[in-house]
Amino acid sequence: MNRTRVIRGVIGACAVLALAEVVIRLGIIDSEVIPPISVVLLRSVTLAGDPVFLAGVADTVLAWLVGLALAVVVAVVVGVVLGSVPWLSTPSRIVVEFLRPIPSVALIPLAILLFGSDTEMKISLILYAASWPILLNMLYALQDVDPVAKDAMRSFGFGPLAVLWRVSLPSAAPFVATGVRVAAGIGLVVVVSAELLSGGTGGLGVFLINAGSSGGNTDVMLAGAVWAGVLGLIVNALLVRVERGAFRWHFARTERTAR
Amino acid sequence: MLEIANLTHTYGSGEKAHRAIDGLELSVAEGELLCIVGPSGCGKSTLLRSIAGLIKPTGGKIEVGGVTVRQTPDNLAVVFQDYSRSLFPWMSVADNVAMPLRRRNMDRTQRMKVAQEALEQVGLPSASGKYPFELSGGMQQRVAIARALAYRPALMLMDEPFGSVDAQTREDLEDLVLQVRRSHQMTIVLITHDIDESVYVGDRVVVLSKAPSRVVGDLRVDLPGPRNQISTRENPEFVRLRAEVGRLVRGVQPAPVL
Amino acid sequence: MLEIANLTHTYGSGEKAHRAIDGLELSVAEGELLCIVGPSGCGKSTLLRSIAGLIKPTGGKIEVGGVTVRQTPDNLAVVFQDYSRSLFPWMSVADNVAMPLRRRNMDRTQRMKVAQEALEQVGLPSASGKYPFELSGGMQQRVAIARALAYRPALMLMDEPFGSVDAQTREDLEDLVLQVRRSHQMTIVLITHDIDESVYVGDRVVVLSKAPSRVVGDLRVDLPGPRNQISTRENPEFVRLRAEVGRLVRGVQPAPVL
Amino acid sequence: EETTTKASAGGSTLEKTTINIGTIPVVDTAPLQIAVEKGLFKAEGLDVKLTTLAGGAEAIPKLKGGDLDVSFGNYVSFFSAAAKGALDLKIVSDGFQSAPKTHTIMVAKDSPIQTVADLKGKTIAVNTKRNISTLLIRVAAKANNFDLDEDKNFVEFPFPEMEGVLKAGTADAIQPVEPFGTFIGQNIGARVVWDTSQGPTADFPIAGYAATSEFVKANPNTVAAFQRAMTKAMELAADRATVVAIIPKYTTIKPEAAASLAIGGFPTTLNATRLQRVADTMHEYGLLTETLNVQDLIAAPSGK
Amino acid sequence: MSRVETAKPPVPGRQDRPASRAGTAARGFLMGAVSRFWLVIVLIAAWEVATRIIQESYFPPPSEIVVTMYELWFSGPASQLFLTQDALDDFGHSLYNLFGGWILACVAGVAIGVALGLSRKLADYIEPMIHFGRAVPPPTLISFYIAAFQLGTPMQVATIVSGVIWPVLLNTIDGVRTVEQLHLDSAEVFGVRGARRLFWVVIPGAAPKIVAGLRISLGLALILMILSELIGSTVGIGSLLIGAQRSFELTEMWAGIVILGVLGYLLNAVFVAVEKRALRWHLSARGVT
Ligand SMILES: Nc1ncnc2c1ncn2[C@@H]1O[C@H](COP(=O)(O)OP(=O)(O)OP(=O)(O)O)[C@@H](O)[C@H]1O
Ligand SMILES: Nc1ncnc2c1ncn2[C@@H]1O[C@H](COP(=O)(O)OP(=O)(O)OP(=O)(O)O)[C@@H](O)[C@H]1O
Ligand SMILES: [Mg+2]
Ligand SMILES: [Mg+2]
């Protein structure tokens with residue numbers, strides 16, 4: 001079961017790569033500007049043996065994971081408050097909606113100023129950008145909780161907090177988890193972009209800036225893209241694993257939907 | 001125990017307003033088992049939810065144990081008509097049953113023991129480790145009953161609690177409720193569509209009119225206890241009461257369908 | 001019409017495996033109304049879902065109209081046990097009922113007319129504009145019945161279709177089903193827990209054992225038609241059959257609860 | 001890092017021995033790399049940590065936030081920041097000045113654009129807008145009697161992407177710096193339509209090293225030590241071979257390629273009059289609303 | 001966003017009590033406004049005070065930001081609704097790209113998401129590539145954009161689409177996979193299949209989750225609009241914001257940030273209003289009013 005899935009994934013990836021190679025080789029996309037995928041892939045492989053590159057990736061991944069973890073905590077806490085404290089929720093939603101569309105890119109100088117170290121700056125940007133999908137999915141999921149289940153809880157005399165903790169949150173959890181996976185992708189994009197746009201002492205993006213210092217190195221940049229994608233893929237797979245373990249009830253119930 | 005005065009509830013407003021209950025008066029004594037029967041859609045579940053403080057009726061007053069109901073009264077348990085949605089899908093059956101016991105200052109072992117006992121009482125000794133979706137409809141309904149029974153509330157509200165189980169199990173559950181009520185001094189309000197059942201388990205049967213509902217009949221059931229599925233149902237008084245309730249229910253029916 | 005041979009279904013696998021149906025054999029003739037009774041959790045709904053092609057049984061064979069069931073057979077309707085979850089919450093009641101009629105090449109006006117008629121037949125003439133959540137449990141169940149009836153399927157599967165309605169409405173719905181069956185040549189498989197009901201509406205009553213379920217009784221109901229709620233139920237043959245079914249059901253019961 | 005060690009390299013006490021310096025991996029920063037490589041900072045008792053910047057603008061908040069003590073950056077960014085009050089800074093060392101072929105305007109081989117005048121109304125790719133690049137091009141345009149709009153005629157692309165930009169025809173012209181200019185010329189035969197290091201912008205000061213006034217004031221000895229090291233490095237950088245040798249060590253440029261690059265000047269003195277040219281040009285082109293007295297922004301070495 | 005998820009049951013009687021007197025109505029309105037906006041007011045006041053105390057050029061006080069915003073954008077002639085020419089250029093261009101990109105992403109995201117949600121097999125083949133793709137940072141792909149798209153709107157719309165499609169896609173997949181089983185079964189037994197099943201059952205059933213995705217992506221679209229104007233653009237709010245950042249016009253930069261916030265708030269308000277109509281069944285069935 002799981003094996004077929006992996007095999008299919010590999011087939012899919014190969015198909016996409018082959019297609020991209022053909023598109024570039026045939027010049028459908030300007031082949032002078034970007035190198036063929038095979039070249040990029042080769043370069044990605046050689047990069048994996050470069051200790052400087054690996055150190056950069058380690059820096060990036062560290063900031064990413066810490067930022068994501070913080071984002072989950074912050075978003076869940078804010079989500080709980082917004083979803084359960086009525087007098088605070090309406091007014092704070094305005095603030096949330098105001099803050100949400102502000103791009104982290106615009107905040108880079110401010111973040112640089114406010115946070116001493118490079119890593120802190122990156123973490124703060126991830127936190128800012130990655131919280132929103134989790135928060136919004138959570139608010140929608142809280143809305144989607146079966147009222148009969150909540151009533152059942154309430155009828156036994158449990159207070160609003162217990163209802164929240166024991167009914168609303170568990171029932172919202174699977175969708176929040178989807179939000180976390182969305183956020184993971186956004187977080188990686190933000191951290192590498194921030195490194196590329198503002199530099200720093202270490203990280204995948206900084207490695208790419210240095211690599212681009214001689215020009216004509218599009219393949220390195222694209223190889224960086226490949227590695228970012230691979231990291232995203234791995235973390236997504238891990239998160240799905242965790243989800244499947246934690247929400248067995250959910251997946252068992254919904255397994256049949258997709259045929 | 002339970003005092004309802006001039007209860008009125010209207011769903012929605014403006015054109016779509018629907019008056020479900022209209023000036024309903026009812027009182028239930030401590031330890032009594034009251035059965036409520038009435039046509040489908042008349043407002044029985046609405047009444048139950050009002051007593052449980054789950055909806056705020058638009059008019060009138062409900063007192064439980066002398067206290068006006070604003071939120072859910074303490075020491076209450078409800079078996080919902082929509083039992084399958086009232087179970088928590090992320091918890092095993094045992095956890096579902098044990099959940100309310102957290103309010104009873106029991107440690108986990110105790111809770112699990114009580115839950116297992118309750119599950120055995122409803123005929124599900126081996127369901128504890130399963131998830132609700134792995135059970136049949138009737139089994140889910142019994143889990144909901146077990147959850148309410150294990151909680152040992154002072155006031156138990158049951159909305160068609162035996163609708164999805166077979167005849168034999170139904171009788172067993174009726175007897176179970178009677179027995180638990182006896183041994184734990186519960187007050188029970190039980191909604192049912194089965195007229196025989198209402199007379200068999202009830203100390204009193206209240207018949208509601210079609211919506212907007214009012215009380216159209218209030219019969220005291222004077223049958224010797226403890227009741228017995230065979231002898232009680234053969235008792236002439238039982239037969240008389242059953243016919244009486246039937247007449248009342250039919251009397252309030254809308255024009256026959258078709 | 002319906003041929004079931006050596007049907008077996010096991011849920012899950014390994015340690016948690018649960019065999020719900022074990023080598024069940026059953027055949028239903030064209031135009032027949034078959035009632036199935038059996039203890040709670042014995043596998044009735046599983047059987048129904050297998051016939052409807054909603055689950056793939058782990059063994060055996062089902063044929064509907066001579067064709068082996070792989071996907072859902074054409075011209076089928078089901079009233080689910082969990083009726084409230086089977087209605088579409090985003091559609092009005094009328095749309096819910098009219099929705100399957102899109103396959104019947106009707107235009108919107110016709111569909112709405114048929115839906116309204118079906119709703120009137122089940123005693124809900126004024127519910128069409130409402131959403132399902134605005135209805136009581138029994139009303140939702142009747143909407144589910146109306147949806148199936150309006151569709152006029154060749155084969156209708158009903159899983160405890162009258163469990164949430166009051167006694168009077170139940171009788172009316174029983175008669176409605178009989179009448180529709182007569183006038184439209186439907187084959188109906190009806191699961192019920194009410195033994196009286198099974199004998200009253202059925203041409204045949206099949207009793208299932210507890211899980212893993214097999215057929216333990218198969219009774220032909222030879223009562224004069226058209227049936228009538230009063231005279232039929234007074235017929236000595238009815239009384240005999242009822243007792244017979246009751247005995248069969250009790251015979252397969254697990255040890256009494258408590 | 002804030003520890004003040006008594007190191008007596010220049011005879012005086014250094015207030016701060018570890019300094020963080022922001023740099024960009026381009027030819028312009030060769031002297032800084034030479035200073036590191038040859039141990040010039042060490043000799044002054046300085047422990048230098050280098051941080052890669054993506055562009056000059058990020059230097060300002062990093063200096064302000066204390067992330068960097070000294071940073072490489074272009075004068076246009078430094079002067080705007082100072083004039084707009086974004087940062088109270090001092091230039092502590094000159095860095096780089098243009099020379100023939102270091103800052104050119106290039107077009108594709110088969111482009112119809114032959115002279116600067118043909119750039120009128122065209123789109124030109126620059127690394128950063130409102131910065132030295134656009135200024136140089138606008139000066140060139142002005143010399144040909146037309147104006148280029150800071151927003152409408154320029155688009156931002158990173159230097160490494162400029163080759164692609166020309167190839168794909170995304171922009172009509174590009175303004176690369178070395179090494180990109182040379183490589184793009186070699187790779188795709190791009191033509192230079194204008195060398196900006198001529199006329200009003202000949203030998204134009206491009207970039208230098210800045211610190212906050214606060215830092216300069218609090219760490220006079222450290223700054224002096226830095227300046228001494230840099231001056232020596234600048235002197236060494238006057239020898240083209242030294243520069244060519246260091247370039248492959250901090251960029252990905254191959255040694256043989258480094259030899260073909262155009263290399264600008266590395267001024268050994270920090271001269272206010274020269275830098276004033278930049279400020280005045282900025283003022284003329286509206287990048288500064290008022291004139292700026294560069295003398296106030298200079299922390300000239302006291303020792304020499 | 002005014003829906004309040006209260007832990008208490010809905011109070012149906014509250015909204016049907018007519019305001020007896022005009023005074024009550026006015027007071028009610030005022031109370032409503034206060035209960036809605038008090039936090040905003042408090043925060044702005046705190047911001048003003050804090051920025052005035054720290055006197056930091058990177059953090060100008062909001063009052064100055066508002067003045068700059070007025071000068072930049074809202075001091076135009078009445079014939080242009082008081083918008084300046086700059087405002088018309090910047091907003092027009094940015095919003096055009098924003099909506100173009102967002103709508104394209106939504107359509108594509110929902111379409112692909114539904115397909116992958118419905119077919120496990122298809123998902124097995126394609127999903128890994130999706131999780132790969134969504135982790136690729138746009139700046140690393142500049143050369144690809146240069147090769148594939150023209151400068152200006154095409155490149156920018158492509159950037160926006162490639163950034164905002166993911167939440168729509170993932171939420172749609174999740175939504176479709178978790179449609180109530182019994183709804184699908186009901187459709188199945190009544191022979192509702194193919195397009196009908198898709199439009200009448202699957203999409204409405206997944207709608208609440210899809211809508212959450214659309215809403216996340218709307219905010220993200222604004223962000224990507226800025227990112228897309230960062231590289232290879234000549235006009236637009238993002239271009240202005242970055243220009244201001246580059247030339248250290250910090251108040252102008254903040255004006256850009258604030259206008260984005262305001263825009264985001266307004267877009268969201270419109271979105272919620274539309275959503276409330278479209279998902280009325282869902283909200284009222286869930287007791288959220
Ligand atoms: N949320 C709601 N919004 C609007 N109307 C409602 C709502 N809930 C119930 N009603 C209406 O109120 C009336 C009473 O409903 P209720 O559920 O109390 O009936 P009931 O007596 O429990 O019926 P049943 O025996 O069928 O369960 C019904 O006519 C129903 O349509
Ligand atoms: N999804 C499932 N996973 C595992 N076991 C299941 C599942 N669905 C049903 N079962 C088991 O299969 C058996 C038969 O279930 P089914 O729903 O067919 O019973 P039923 O005869 O319809 O009972 P009821 O009268 O209570 O509705 C039960 O013991 C139940 O626990
Ligand atoms: Mg009810
Ligand atoms: Mg069943």
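Trainee: What pattern does chain A follow when read along the sequence?

Mentor: Let's keep in mind that this is a predicted model. Chain A has 11 helices and 0 strands. Read from start to end, the pattern of chain A is therefore α-α-α-α-α-α-α-α-α-α-α.

Trainee: How many of the residues of chain A, in percent, count as buried?

Mentor: The C-alpha atoms of chain A fill a box of roughly 70 × 50 × 35 Å along the principal axes. Buried here means under 20% relative accessible area. Of the 259 residues in chain A, the share that counts as buried is 61%.

Trainee: Now the ligands. Which chains surround ligand 1?

Mentor: The shell holds 20 residues, and the closest are B:K44, B:S45, B:T46, C:S136 and C:G138. Both letters turn up there, so the site is shared between chains, namely B and C.

Trainee: Which residue has a polar backbone atom 2.6 Å from an oxygen atom of ligand 1?

Mentor: Three backbone contacts are worth going through. An oxygen atom of ligand 1 is 3.2 Å from a polar backbone atom of B:C42, and for C:G138 the distance is 2.7 Å. The contact at 2.6 Å belongs to B:K44.

Trainee: How much of the accessible area of ligand 1 does the protein cover?

Mentor: On its own, ligand 1 has 630 Å² of accessible area. Elements giving two or more residues to its shell are strand 2 (18-28) and helix 1 (44-51) of chain B, together with helix 5 (137-151) of chain C. The shell divides into 6 nonpolar, 11 polar and 3 charged residues. The protein covers 90%.

Trainee: Which two residues coordinate the magnesium ion, ligand 3?

Mentor: The donor atoms are an OG and an OE1, at 1.9 to 2.2 Å. One donor residue lies in helix 1 of chain B and the other in the loop between strand 6 (76-79) and helix 2 (83-86) of chain B, so the pair ties together parts that are 36 residues apart in sequence. The two are B:S45 and B:Q81.

Trainee: Is B:Q81 buried or exposed?

Mentor: The cut-off for buried is under 20% relative accessible area. B:S45, at 21%, counts as partly exposed. B:Q81 has a relative accessible area of 16%, so B:Q81 is buried.

Trainee: Where does ligand 2 lie?

Mentor: Of the 20 residues around ligand 2, B:S136, B:G138, C:K44, C:S45 and C:T46 come nearest. Helix 5 (137-151) of chain B gives two or more residues to the shell, as do strand 2 (18-28) and helix 1 (44-51) of chain C. Ligand 2 lies between chains B and C.

Trainee: Which residue has a polar side-chain atom 2.5 Å from an oxygen atom of ligand 2?

Mentor: An N or O atom in the side chain of C:S40 is 2.9 Å from an oxygen atom of ligand 2. With C:G43 the contact is to a polar backbone atom, at 2.8 Å. The side-chain contact at 2.5 Å comes from C:S45.

Trainee: How much helix is there over residues 99-119 of chain E?

Mentor: An unreviewed UniProt entry lists "transmembrane region" for several stretches of chain E, including 37-54 and 99-119. Residues 37-54 are 100% helix, with end C-alpha atoms 26 Å apart. Over residues 99-119 the end C-alpha atoms are 30 Å apart, and the helix content is 95%.

Note on methods
Residues numbered from 1 in each chain as written. Chains lettered and ligands numbered in written order. Predicted model: local features only at pLDDT ≥ 70, side-chain atom pairs only at ≥ 80, totals over all residues. Heavy atoms only, no water. Near = heavy atom within 4 Å. Polar contact = N/O pair within 3.5 Å; in protein donor to acceptor, adjacent residues only side chain to side chain. Areas by Shrake-Rupley, 256 points an atom, 1.4 Å probe, with all protein chains shown as cover. Helix = DSSP H or I, 4+ residues; strand = E, 2+ residues; numbered from the N terminus. Nonpolar A, V, L, I, M, F, W, Y, C, P; charged D, E, K, R; others polar. UniProt positions renumbered as here; feature names shortened; annotations may be inferred. Donors = N, O, S within 2.8 Å, 3.2 Å for Na, K, Ca; no water. Buried < 20%, exposed > 50% of the residue type's maximum accessible area, 1.4 Å probe, protein only.
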